Amino acid sequence: MTNNTFEKAAFAGGCFWCMVKPFKEWPGIQDVVSGYMGGHLENPTYEDVKKGDSGHVEVVEITFDPAVFSYEQLLDVFWQQIDPTDAEGQFHDRGSSYTTAIFHYTDEQREIAEQSKAKLAASGIFSKPIVTAIRPAETFYRAEEYHQDYYEKEKEHYKDNRARSGRDEFIATHWK
């Protein structure tokens, strides 16, 4: 039985196309929406964010039931999708709009995220420092409809883009 009290989580992991599917596959996840967060421009478009001058990063906002899938579990999934040591973007997507971040909605989420980051840093999986930022959640702007569930809508393009990105090789090397 679940508590039916859903919470939100937001993660920036580079290209949001590659961040939706890994979260959608778990029980307790109600929705995963691609969007933008953290910038200074109201109602940014994909082009605004891609240019890198809006201050936003591409994010996924996740609505989840913490009684079924905890915030700690979401963080575990998140870390295993990214290179947390890369401050310049993710894989073949470069620039500020593709950097990584955990956006917390509550003080409890902030504390859990900080503990998770410290645990990852102490694990020895990475030889370089963990640079993923932990920031307060800001206004979430939903991305254009063609970006939503892109891995399902444009299967071949998504598959090709992901294959060329280097993400899967990185994941296989670091998260055996």
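Here a trainee and a mentor talk through the terms used for this predicted model.

Trainee: Before we start, what should I keep in mind about the numbering and the model?

Mentor: Residues are numbered from 1 along each chain as its sequence is written. The model is predicted, local features need pLDDT of at least 70, side-chain atom pairs count only at pLDDT 80 or more, totals for chains, interfaces and linings use all residues, and side-chain values use heavy atoms, with hydrogens and water left out.

Trainee: Thanks! Why is Ser34 called buried?

Mentor: Buried means under 20% relative accessible area, exposed means over 50%, and partly exposed is in between, with a 1.4 Å probe and protein chains only. Ser34 has 0% relative accessibility, so Ser34 counts as buried. Ser34 sits in strand β2, residues 29-37; strands are DSSP runs of E with at least two residues, helices are runs of H or I with at least four, and both are numbered from the N terminus.

Trainee: Which residues does Ser34 touch?

Mentor: Contact means heavy atoms within 4.5 Å. Not counting residues up to four places away in sequence, the partners of Ser34 include Phe16, Val20, Val59, Val60 and Phe140. Arg142, Ala143, His147 and Gln148 are also among them.

Trainee: What makes helix α1 mostly covered?

Mentor: Six of the eight residues in α1, which spans 17-24, are buried. The buried ones are Trp17, Cys18, Met19, Val20, Pro22 and Phe23.

Trainee: And why is Lys51 called exposed?

Mentor: The relative accessible area of Lys51 is 60%, so Lys51 falls on the exposed side of the cut-off. Lys51 belongs to helix α2, residues 46-51. Its C-alpha is 8.0 Å from that of Ser97, with the two positions 46 residues apart in sequence numbering.

Trainee: What makes Glu114 and Arg110 a salt bridge?

Mentor: A salt bridge is a side-chain nitrogen of Lys or Arg within 4 Å of a carboxyl oxygen of Asp or Glu. The closest N and O atoms of Glu114 and Arg110 are 3.3 Å apart, so the pair qualifies. The two are four residues apart in helix α4, which means they are separated by about one helical turn. An α-helix has 3.6 residues a turn, so residues three or four places apart point the same way.

Trainee: How exposed or buried are the two partners, Glu114 and Arg110?

Mentor: Glu114 has a relative accessible area of 39%, so Glu114 is partly exposed. Arg110 is at 25%, and therefore counts as partly exposed too.

Trainee: Where does a similar helical spacing turn up for Arg164 and Asp160?

Mentor: Both residues lie in helix α6, residues 155-165, four residues apart, about one turn of the helix. Their side chains meet in a salt bridge at 3.1 Å, N to O. Salt bridges that share partners also join Arg110, Glu111 and Glu114 into one network.

Trainee: How do you know that Glu145 and Arg142 form a salt bridge?

Mentor: Their N to O distance is 3.2 Å, so the pair meets the cut-off. Glu145 is partly exposed at 48%, and Arg142 is partly exposed at 47%. How many salt bridges does the whole structure hold? A search finds 10.

Trainee: Then why does Asp93 have no salt bridge?

Mentor: The nearest side chain of opposite charge, Arg167, is 5.3 Å away, so Asp93 misses the cut-off. Lys and Arg count as positive, Asp and Glu as negative, while His and the chain ends are not counted. Asp93 is buried all the same, and lies in strand β5, residues 93-94. Leaving out residues up to four places away in sequence, Asp93 touches Cys15 and Tyr98.

Trainee: One last spot: why is Ala137 called partly exposed?

Mentor: Its relative accessible area is 24%, so Ala137 falls between the two cut-offs. Ala137 is found in the loop between β7 (133-136) and β8 (141-142). Beyond its neighbours within four places in sequence, Ala137 is in contact with Met37, Phe103, His104 and Tyr105. Ala137 and Phe103 are 34 residues apart in sequence and 4.6 Å apart in space, C-alpha to C-alpha.

Trainee: What about Tyr105, buried or partly exposed?

Mentor: Tyr105 is at 32% relative accessibility, so Tyr105 counts as partly exposed. Tyr105 is placed in the loop between β6 (100-104) and α4.
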